[in-house]
Amino acid sequence: MGNIRKGCGMDGQDRAALFLDLYKQIEDELEDKYRNARRHFSSVVYEFVKDYESAPVRDKLDLCRHIRNLMAHSANMDGQPVVEPSQPVVDALREVLDFVRRPPLAMDFATKGERVLKAGPNQKVLRVMEVMEKNGYSHIPVMRDGRFYGVFSVGSVFRYMLRTGGKGVTKETTVKDMRGYLAVEEHIENYEFVPADTTYIEVRQRFEQVRARNKRVSVIFITQDGQPDQPLLGMLTPWDVLGEQ
């Protein structure tokens, strides 16, 4: 049935046929997805509904699952269909199929590398802090020659002052002066690096996880292979993904 036409001009029978065809395609895709996985349910669709990965489309898929079950088990009453999917329902199922086939990438939601607020080693710390406060950033990457140099944050300043006996930050203090407090290891509980092929749902899960000392990841940086010494491709904060359904 793969050649069934799209569009709002279809009658109820055409929409029902298209709906069932799309549903079967979703089942086939999910059979492949869970082929070597430990299953908890006999239905691959229900398996996916209960899977964390389905979060962005879960409600739509579960509604379509109920409609499909009604169509399959109570097809007719007095010669008339018990249920006929509407065009919005068919469109929703097509959206689910697209999601299953091509899960959105984290990069689709990220601020692209060229637009990310960055600091350079020679910039003045106080100026960087002013810009961060104005833009609502808690962490920004420090770049040198297009490569990742470290992360500057409020915590960087706190640790710098604490470990230097409270000498504080002057107008002349540069980011480079704090290089001992910018390394990945200094912030490891607050941010992560992920490769460019990481999915949206993976980064969403990372943001939701509680880590050591009841902390959560504040920022996720995207590089080609997830390595800190590579050019920055994008940056994500919880606001970029947790508000999505």
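**Note on the pocket, the four-stranded sheet and two helix residues**

1. By class, the lining of the largest pocket holds five nonpolar residues, six polar ones and no charged ones. This is a predicted model. The pocket's volume is about 160 Å³. Its lining includes a run from N135 through G136, Y137 and S138 to H139. S218 and V219 also line the pocket, as do M235, T237, P238 and W239. Two of these residues tie the pocket to the sheet discussed below: V219 lies in strand β7 (residues 219-223), and M235 lies in strand β8 (residues 234-236).

2. Now the chain as a whole. The secondary structure comes to eight helices and eight strands. The chain has 245 residues, and 42% of them count as buried. About 14,100 Å² is exposed, with carbon and sulfur atoms supplying 48% of that area. Among contacts with a separation of 6 or more, 58% join residues 24 or more positions apart.

3. How are the strands of the open four-stranded sheet ordered? The order is β3-β8-β7-β6, and the pairing is mixed. The edge strands are β3 (111-112) and β6, each of which pairs on one side only. Pairing in general works through backbone hydrogen bonds, in either the parallel or the antiparallel sense.

4. Take the pairs one at a time, starting from β3. Strand β3 runs antiparallel to β8, and two bridges join them. Here K112 stands opposite G234 of β8. Next, β8 and β7 are also antiparallel, with three bridges. I222 has G234 as its bridge partner in β8. G234 therefore serves both neighbours of β8: K112 of β3 stands opposite this glycine, and I222 of β7 is bridged to it.

5. The last pair is the parallel one. Five bridges join β6 to β7. Within this pair, F193 is partnered with F221. P195 stands opposite T223.

6. Which residues cover the two faces of β7? V219, F221 and T223 are buried on one side, and I220 and I222 are buried on the other. That split follows the general pattern, because side chains in a regular strand alternate between the two faces of the sheet. In total, five of the five residues of β7 are buried. Edge strand β6 (residues 191-195) is mostly covered as well, with four of its five residues buried.

7. Is R65 buried or exposed? R65 counts as buried because its relative accessibility is 14%, and the cut-off for buried is under 20%. R65 sits in helix α3 (residues 58-73). Beyond its neighbours within four places in sequence, R65 contacts Y23, V45 and Y46.

8. E31 is a useful second case. E31 belongs to helix α1 (residues 12-33). The relative accessible area of E31 is 34%, so this glutamate is partly exposed; that class lies between the 20% and 50% limits. Leaving aside neighbours within four places in sequence, E31 touches R39 and V44. From E31 to V45 the C-alpha distance is 8.8 Å, at a separation of 14 residues in sequence. V45 is also one of the contacts of R65.

How values were computed:
Residues numbered from 1 in each chain as written. Predicted model: local features only at pLDDT ≥ 70, side-chain atom pairs only at ≥ 80, totals over all residues. Heavy atoms only, no water. Buried < 20%, exposed > 50% of the residue type's maximum accessible area, 1.4 Å probe, protein only. Contact = heavy atoms within 4.5 Å. Areas by Shrake-Rupley, 256 points an atom, 1.4 Å probe, with all protein chains shown as cover. 1 Å grid on protein atoms, 1.4 Å probe; cavity = no way out; pocket = protein on both sides within 12 Å on 5 of 7 lines; lining within 4 Å. Points joined across faces, edges and corners; volume = space filled by probe spheres on them. Nonpolar A, V, L, I, M, F, W, Y, C, P; charged D, E, K, R; others polar. Pairing = 2+ DSSP bridges.
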